[in-house]
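Reader: Could you walk me through this one slowly? I have the structure open, and I would like to ask things as we go.

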Amino acid sequence: MDSQIGQDLSGTIKRDVRSIVQRNVVTCPPDFTLQQATGLMFERHCSSIVIVEDDCPIGIWTEADALKIDYTCVEHSEVEVRHLMSAPVSTIGINASLDEATCQFRRNGLRHLVVVESDNKLAGIITQSDVVINQDVAYFLRMSEVSAIVPPQPPTTIEFSASLPDAIAEMRYRRSDCILVTRDGQPEGMLTERDVVRLIALDQIDRPLEDVMSKPLISVSETMSLLSARALMERRHIRHLCVTREDQSISGVISFADVLANIEQAYVNRLREALDNRIADLEQSESSLNMAKALIDASMDGIMVTDESGTILSVNPAFTILTGYSESEALGQKPSLLSSGKQGPDFYQKLWCSLKKKGSWQGEIWNRRKNGEVYPEWLTITVVHDARNKRRLYAAIFSDITERKKSEAIIENLAYYDPLTKLPNRQLLFDRLEVAMATAKRMKHGLGLMFVDLDLFKRINDTLGHSVGDQVLCEIADRLRHCVREGDTVARIGGDEMIILMTEMEHTDTIHRVVQRIFSALKQSINVAGHELHITASIGCSTYPEDGTDRDTLLKHADTAMYRAKSNGRNSFQLYSADMNRSSMQRLSLESRLHTALNNNELFLHYQPKLELGTNRIVGVEALLRWNDREQGVIPPDQFIPAAEELGLIGKIGAWALQEACRQCKEWHDAGFDDLHVSVNVSPQQFTRRNLTLDVEQALRASGLPANKLDLEITESCAIQNLEEVVEPLNQLRDQGITVSMDDFGTGYSSLSMLSQLPLDQLKVDRSFISGIPEHNKDQELVSTMVLMAHNLGLNVVAEGIETGTQHDYLKQIGCDQGQGFLFNRPLPPEDIDKLLRH
């Protein structure tokens with residue numbers, strides 16, 4: 001094991017400057033003005049510029065040099081850079097090792113080293129950041145917390161009211177590469193050397209300090225690992241982080257230079273260990289082994305060694321602390337002892353593949369402690385060849401990264417969620433919108449993008465203060481969350497503007513229902529700080545793909561629709577498409593009136609006779625629902641029944657239709673037509689949202705109609721969607737003598753197996769098959785087969801939509817039992833059925 005460690009360290013030691021040098025270095029001649037030089041730096045996003053003459057570096061000007069300039073001099077930006085550069089320039093050979101570069105940075109207090117070839121020609125440049133990023137010291141950074149490198153002296157600060165030259169002068173005096181800008185003693189932003197370079201380049205050195213400082217401050221907890229802090233700096237392309245205590249107060253500022261200092265100490269220790277291993281004598285091998293064991297036992301990481309079969313051979317004390325299993329409990333067991341079950345076979349297959357190809361694997365894994373607690377760990381597995389025993393061992397080193405995961409989650413939350421309302425922010429909304437559009441395109445469904453703007457919200461901030469305004473925004477955000485569907489997104493993009501992303505949208509009725517819920521939620525007053533506030537909103541919406549197929553177009557059109565709603569007097573809603581808006585408003589109006597149709601006695605029933613085909617005798621009638629709307633007159637059922645189902649009204653309407661049909665049929669019985677049956681259609685919601693058995697019993701009891709004169713018609717789709725919920729109540733109803741028919745048979749996906757499970761008495765063949773008789777032989781064969789199959793199952797057959805004598809003759813010929821259609825009669829009001837029965 002010692003030999004392996006020595007090899008790993010020597011591999012790290014041999015890395016040289018050539019492996020990390022930045023060859024695309026920014027250069028300029030010595031007669032460039034300061035503004036020209038800083039302009040290049042700003043354009044290329046770099047921290048230094050090398051001044052060259054005949055391809056040889058003669059000086060360097062860096063962000064740190066920006067603090068040395070006297071900004072009271074008006075013409076400072078026109079000074080040639082030769083007069084301001086650092087010279088002679090500090091250089092390092094391209095073949096120098098990384099540890100030499102690290103020591104030179106530390107010894108000379110530098111942040112940049114110019115890299116030269118053997119002939120002193122410019123080869124490139126390296127920075128402290130390059131060394132920090134490329135040093136193989138993840139272990140040491142993971143084991144150290146940010147608090148370990150926070151400078152003991154408080155950070156340099158200055159009030160926002162100070163001038164920019166004053167701030168730069170203070171940084172120069174304090175020899176600090178950054179300064180915190182405060183307002184009433186509270187940190188609000190930061191000014192760094194890079195900011196100063198940017199301001200010189202843009203000729204903005206005379207702007208107020210509060211306008212040019214970097215904000216908001218990016219902060220991390222004292223307990224965050226240095227590895228996470230380094231990753232955050234690298235990801236955000238920044239050199240400084242504020243460090244906060246547990247009470248959120250700022251304890252200091254750390255920089256890449258501080259991380260480098262920590263790395264250097266760890267790196268020197270590793271070099272010392274490597275050198276000690278190299279000069280170790282064979283006579284000291286036993287001592288070295290004992291020392292290695294002591295180090296393993298003292299390690300804060302859990303260590304486990306297994307043989308080729310996966311049997312655990314040894315563990316260290318940290319293994320017991322992290323997992324809860326003692327050494328005696330672990331030895332002889334398999335590593336699956338710790339398995340959490342969160343990783344599937346594919347995960348372990350890739351892990352073993354890596355071990356076979358590379359001899360190692362490293363990554364994040366979830367394991368389970370003895371007490372059952374599941375936790376994340378960072379695991380490294382290395383193949384170790386035991387030459388003495390000619391076998392292969394596997395050494396696993398792992399550490400608990402629970403706290404690191406928590407810190408990462410906090411950073412993730414800050415990056416993607418609004419800190420005030422906890423809603424997704426603009427970035428997360430855009431990410432979700434891109435995914436939703438790709439899914440919608442593939443699945444061929446729509447999206448809705450709704451722009452919600454609170455009316456006159458600025459008055460609340462101006463009169464009651466921003467604190468009250470913030471509380472109102474949080475309450476509005478919470479209400480909006482409860483108005484949308486699962487899978488939809490409510491985001492805050494700034495101020496009082498919020499965006500709602502609606503996915504998997506079939507039609508705009510879904511949008512209007514959400515809008516109705518929003519307006520209903522906003523009607524309730526908000527009580528904040530003793531004030532009762534009434535909030536309204538203007539809402540605009542665009543739809544994909546009708547109003548746009550890209551993010552910017554959809555947002556622009558939603559915003560346009562919102563301003564159209566504002567111009568209509570606020571507290572209103574508009575769709576971007578005028579035609580769509582008009583039809584959707586009509587549908588919304590229809591839905592609103594449908595809520596009161598039953599109470600206003602606007603619903604009524606027509607009845608279509610059913611005839612026995614052998615005798616042409618009327619044996620029953622089918623009750624058909626109609627609506628005489630006060631605005632549009634009689635509305636066809638195919639327009640309002642789907643709306644009633646979507647609104648959840650069909651159960652109540654269906655119960656009324658049962659009562660009315662039974663009452664009317666009993667009247668016909670009392671008039672002498674006591675053999676007449678009545679059929680009533682039943683919606684799937686009457687099974688799932690109401691007690692259908694109870695509704696039927698109440699209708700029969702109230703009317704006095706015998707149960708064997710009532711027939712309930714269900715659809716194939718109803719049976720397919722709710723087979724288990726349908727069978728039991730239908731069996732209960734049939735036990736009372738009620739018959740059950742399957743309506744529109746042949747248009748769904750029912751199978752013989754399903755038919756055998758359903759308690760049925762009749763099949764009603766859909767009109768689409770009857771209309772093809774006699775012109776289409778296939779329709780004739782299908783209908784004939786349906787009749788034969790139904791009779792074999794002991795079911796009667798009713799043909800729908802009979803319109804010609806030829807159809808009637810064919811159905812009679814193949815033994816179809818009953819029929820209905822325009823050949824006999826259209827649906828009629830009850831008084832016309834009376835006349836028909838009497839004649």
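Reader: Let's start with the sheet that holds S10, S11 and S12: in what order do the strands lie, and is the sheet open or closed?

Author: Bearing in mind that this is a predicted model, the 3 strands form an open sheet in the order S10-S11-S12, and their pairing is mixed. The edges are taken by strand S10 (219-221) and strand S12 (250-255), each of which pairs on one side only. From one strand to the next, the twist averages 35°.

Reader: And how do S11 and S12 pair, parallel or antiparallel?

Author: Strand S11, which covers residues 240-244, pairs with S12 in the antiparallel sense, over 5 bridges. To find one of the partners on your screen, look for Leu241, whose bridge partner in S12 is Ile254.

Reader: Which helix lies across those strands?

Author: Helix H9, made of residues 226-236, lies across S10, S11 and S12, and it runs at about 140° to S11.

Reader: I also clicked on Met190; which strand is it in, and is it buried or exposed?

Author: Met190 is found in strand S9, residues 186-192, and it counts as buried because its relative accessible area is 9%, which is under the 20% cut-off. Leaving aside neighbours within four places in sequence, its contacts include Cys178, Leu180, Met213, Leu217, His240, Cys242 and Val253.

Reader: How far apart are Met190 and Leu241?

Author: In sequence they are 51 residues apart, while in space their C-alpha atoms are 9.9 Å apart.

Reader: New topic: how are S1, S2 and S3 arranged?

Author: Those 3 strands form an open sheet in the order S1-S2-S3, with mixed pairing. Strand S1 (27-28) and strand S3 (56-62) stand at the edges with a single partner strand each, so one side of each has no neighbour in the sheet. Strand S2, residues 48-53, runs antiparallel to S3 and is joined to it by 6 bridges, and within this pair Ile51 stands opposite Gly59 in S3.

Reader: What packs on that sheet?

Author: Helix H2, residues 34-44, packs there and touches S1, S2 and S3, with its direction at about 125° to that of S2.

Reader: Now H30: how many residues does it have, and which of them are buried?

Author: Helix H30 (residues 777-792) has 16 residues and reaches 22 Å from its first C-alpha to its last, close to the 22 Å expected at 1.5 Å a residue. Its buried residues are Asp779, Gln780, Val783, Met786, Val787 and Ala790. Seen down the axis of H30, the buried residues fall within an arc of 130°, so they line one face of the helix.

Reader: What about the face turned away, and what covers the buried one?

Author: The face of H30 turned away from the buried side carries the exposed residues Asn777, Lys778, Glu781, Leu788 and Asn792. Over the buried residues, the cover includes strand S30 (739-745), strand S32 (796-799) and helix H31 (805-813). After H30 comes Gly794, whose phi is positive, near 80°.

Reader: Last one: which residues touch the most other members in the largest nonpolar core?

Author: Of the 73 residues in that core, these are Tyr607, Val678, Val696, Leu710 and Leu760. Helix H23 (residues 650-670) gives the largest share of this core, 8 residues. A second, separate core has 35 residues, including Leu423, Val514, Leu522 and Ile539.

Terms used:
Residues numbered from 1 in each chain as written. Predicted model: local features only at pLDDT ≥ 70, side-chain atom pairs only at ≥ 80, totals over all residues. Heavy atoms only, no water. Helix = DSSP H or I, 4+ residues; strand = E, 2+ residues; numbered from the N terminus. Buried < 20%, exposed > 50% of the residue type's maximum accessible area, 1.4 Å probe, protein only. Contact = heavy atoms within 4.5 Å. Expected span 1.5 Å × (residues − 1). Arc of directions from axis to C-beta. Pairing = 2+ DSSP bridges. Axes fitted to C-alpha atoms, helices over the stretch in contact; angles between N-to-C directions. Core = buried A, V, L, I, M, F, W, Y, C linked by side-chain atoms within 4.5 Å.
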